[in-house]
Every structure is written in structure tokens, then in C-alpha cells.
Amino acid sequence: MSEPIIQIRNVTKRFGNMVAVDNVSLDIVAGEFFVMLGPSGCGKTTLLRMIAGFELPTEGQILIDGQDMAGVPPNKRPVNMVFQSYAVFPHMSVLDNVGYGMKIAGTPKAEIRERAEESLALVKLDGLGARLPDQLSGGQRQRVALARSLVMRPKVLLLDEPLSALDAKLRAQMQFELADLQDKVGITFVTVTHDQDEALSMA
């Protein structure tokens, strides 16, 4: 069994008097496709956001790759997050969307293009780099968001209800594609969903 890439130790998150996450401890192993399943409002997304660094635990400890994440900002963590809303930039081409994080990090232009094109090929969008997001279907925009996260080569990819905006047929197809993609890239995937069938088919 591989070493845990994420260790969550007695993590609690309170918003005022409301307890959103209540004393959670778990290990997520490197290379695993890990799914948190539960109804809306049970704290799944809050836990995911704490791993990403967008929320801070009220109590407890989160370690990623053996390092305590206390005080480590989101952009310095070895994780990337795909949001429910995709959050692609409408005014940028697909290729520019995918390469945006590398551009901010100061990666040379030639490397940005090469890695962005590789990433688009991984999610089966090769040849669509020049298009704008509004020229794509919902499923294709979801793939752009995935490619943009994968291009940064994170150790962990966090997915917040990644398929909830898709219709039933496309959602079923994307479940298999996500599992296949995770198998190909070998990155630890942590996803949250309220859909039991989705959780079982992916994890």
C-alpha cells in the first residue's frame, strides 16, 4: 500500500455556531481515486476547500505529502481544484485558458504551448485550442477546466461536484472518462458528489 498523500487529523470547521465539518480524520493514499459521498450541506465541499487552502480548519491538522499545511496559501500547495462552475475565462481561447496558470508562474511561451496541447490531448480536445469557451459544449468546457488543472502537474486534483452541470447521458460518459484519465495520469483524485451511482462508478 502506498503512503498517504493526504492526512486529515481531527479536523473541525465552524462558521459561527454552525459546525460544518465535525472532527474528521482520514488518509488518502497516493494514486487513489477517492470520493466523498453525502447529501448537500453535509460538509464535503468545505473539507475539499480546506485541503485546497481556501478555508482554514477551526481545529485539527491537514498534511499533504507529509507537510503540515498550516499557514501554506492555496497557490503554494501541491493541489489544484476543478470547480462545479468550471470557471473558464470566456474571453480567452481554450489554449490560453489551459496555459493561464503556467503564464502566471512565468513559464516560457514555447513550454506553455507544448504542455497545454499535451493536456488538451489528454482530455480529448486536441485541435480545439483556438476556440473560445462559448463555442464549446458543457462537457467540453468541463474538459478545459480539467486540462487547465492537470497542466500544472499537481500531486492531488480536487474536484467539487465536477459533473453536476452536465445532462444525465454526458454525466455517465464523463464518469468513465474521469476514471480513465486518472488511471492514465496517476495523480491522486479527490472528488465530492451527492450521487451514489457516480461515486461507485468512479471510485
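**Reading the pockets of a predicted model**

The protein chain has 6 helices and 8 strands (DSSP runs numbered from the N terminus: helices are H or I, at least four residues; strands are E, at least two). This is a predicted model: local features need pLDDT of at least 70, side-chain atom pairs count only at pLDDT 80 or more, and totals for chains, interfaces and linings use all residues. Residues are numbered from 1 along each chain as its sequence is written, and side-chain values use heavy atoms, without hydrogens and water.

User: How do I find empty space, and what volume does the largest pocket have?

Analyst: Rolling a probe the size of a water molecule over the atoms shows where empty space is left. A pocket is an open set of points on a 1 Å grid over the protein atoms alone, where a 1.4 Å probe fits, with protein on both sides within 12 Å along at least five of seven lines; lining residues have an atom within 4 Å of a point. Volume is the space filled by probe spheres set on the points, which are joined across faces, edges and corners. Here the largest pocket has about 650 Å³. It has 22 lining residues; N75, V79, N80, G101 and M152 are the closest to its centre.

User: Which elements each supply at least two residues of that lining?

Analyst: β6 (79–82), α2 (94–104) and α4 (138–150).

User: What is the volume of the second largest pocket?

Analyst: About 220 Å³. Its lining includes M92, Y100, K109 and R113. α2 gives the largest share, 5 residues. α3 (109–122) also supplies at least two.
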